[in-house]
Amino acid sequence: PRDRKTTTSFTYALIREMVPCFLTQEDKVGKRRSLPVGFAGLACRYCHDQCSTGRFFPSNIKTMSDTSKSLNIFYNHMLKCHLCPTSITNELKNLRFYHDLERGSLMH
């Protein structure tokens with residue numbers, strides 16, 4: 001909550017829908033192969049225990065700070081997740097519409 005003043009409503013709402021997770025042996029595919037079991041990541045709160053597509057393991061600060069590799073990936077997952085409530089996807093769509101405008105008005 002104290003971070004709320006430093007980010008957009010969209011970012012805050014999106015990250016609120018994620019939960020911490022840890023890489024398992026089953027997750028070690030593709031680019032994740034080199035990451036150690038137990039590596040910390042973020043997961044969709046709705047499907048994280050049912051499939052690996054809702055689990056994200058940004059491996060460095062550059063990846064996490066690049067919205068095309070973090071926020072956009074999380075957002076696209078939420079829009080496609082069959083377990084995410086429609087009210088949440090609708091809220092995220094609405095907040096995404098204003099994200100760039102709000103981001104420009106934030107003072108860092």
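In this predicted model, three strands form an open sheet, arranged in the order β1-β2-β3 with antiparallel pairing. Two of these strands, β1 (18–22) and β3 (55–56), stand at the edges with a single partner strand each, so one side of each has no neighbour in the sheet. The pairing of β1 with β2 is antiparallel and extends over 5 bridges. One pair of bridge partners here is phenylalanine 22 and alanine 40, the latter in β2. On the other side of the sheet order, strand β2 (residues 40–44) is joined to β3 by 2 bridges, and these strands also run antiparallel. Alanine 43 has arginine 55 of β3 as its bridge partner, while leucine 42 stands opposite phenylalanine 56 in β3. It helps to keep a general point in mind when viewing such a sheet: in a regular strand, side chains alternate between the two faces.

The sheet is one part of a chain that holds 4 helices and 3 strands. Read from the N terminus, the elements follow the order α-β-β-β-α-α-α. The C-alpha trace of the chain spans about 40 × 30 × 25 Å along its principal axes. For 108 residues, a compact globule would be expected to have a radius of gyration near 13 Å, and the value of 14 Å for this chain agrees with that.

Attention now turns to the helices. Two packed helices are described by the angle between their axes and by the distance between those axes. For helix α1 (residues 9–16) and helix α3 (residues 71–80), the angle is about 60° and the axes lie 10 Å apart. With this angle, α1 is oblique to α3. The crossing in which α1 passes α3 is left-handed. On the α1 side, the residues that meet α3 are Phe10, Thr11, Leu14 and Ile15, and their counterparts in α3 are Leu71, Phe74, Tyr75 and Met78. Sorted by class, this contact of α1 with α3 contains 7 nonpolar residues and 1 polar residue, with no charged residues.

Helix α3 also packs against helix α4 (residues 86–105), where the axes come within 9 Å and cross at roughly 140°. This makes α3 oblique to α4, and α3 passes α4 in a left-handed crossing. From α3, the contact draws on Tyr75, Met78 and Leu79; from α4, it draws on Thr89, Leu92, Lys93 and Arg96. By class, the contact of α3 with α4 consists of 4 nonpolar, 1 polar and 2 charged residues. Tyr75 and Met78 of α3 are thus a useful pair to find in the structure: they are listed in the contact with α1 and again in the contact with α4.

The remaining helix pair described here is α1 and α4, whose axes are 7 Å apart at an angle of about 140°. Once more the arrangement is oblique. Helix α1 contributes Ser9, Phe10, Thr11, Ala13, Leu14 and Arg16, and helix α4 contributes Glu91, Leu92, Leu95, Arg96, His99 and Glu102. The residues in the contact of α1 with α4 divide into 5 nonpolar, 3 polar and 4 charged. Several residues of α1 can be followed from one contact to another: Phe10, Thr11 and Leu14 meet α3 and also take part in the contact with α4. In α4, Leu92 and Arg96 belong to the contact with α3 as well as to the contact with α1.

Technical notes:
Residues are numbered from 1 along each chain as its sequence is written. This is a predicted model: local features need pLDDT of at least 70, side-chain atom pairs count only at pLDDT 80 or more; totals for chains, interfaces and linings use all residues. Side-chain values use heavy atoms; hydrogens and water are left out. Axes are lines fitted to C-alpha atoms, for helices over the stretch in contact, and angles run from 0 to 180 degrees between N-to-C directions. Angles under 35 degrees count as roughly parallel, over 145 as roughly antiparallel, 65 to 115 as roughly perpendicular and the rest as oblique. A crossing is left-handed if the near helix is turned anticlockwise from the far one by less than a right angle, and right-handed if clockwise. Contact means heavy atoms within 4.5 Å. Ala, Val, Leu, Ile, Met, Phe, Trp, Tyr, Cys and Pro count as nonpolar, Asp, Glu, Lys and Arg as charged, and the others, Gly among them, as polar. Two strands pair if DSSP finds at least two bridges between them. The radius of gyration is taken over C-alpha atoms; the globule rule is 2.2 Å times the number of residues to the power 0.38.
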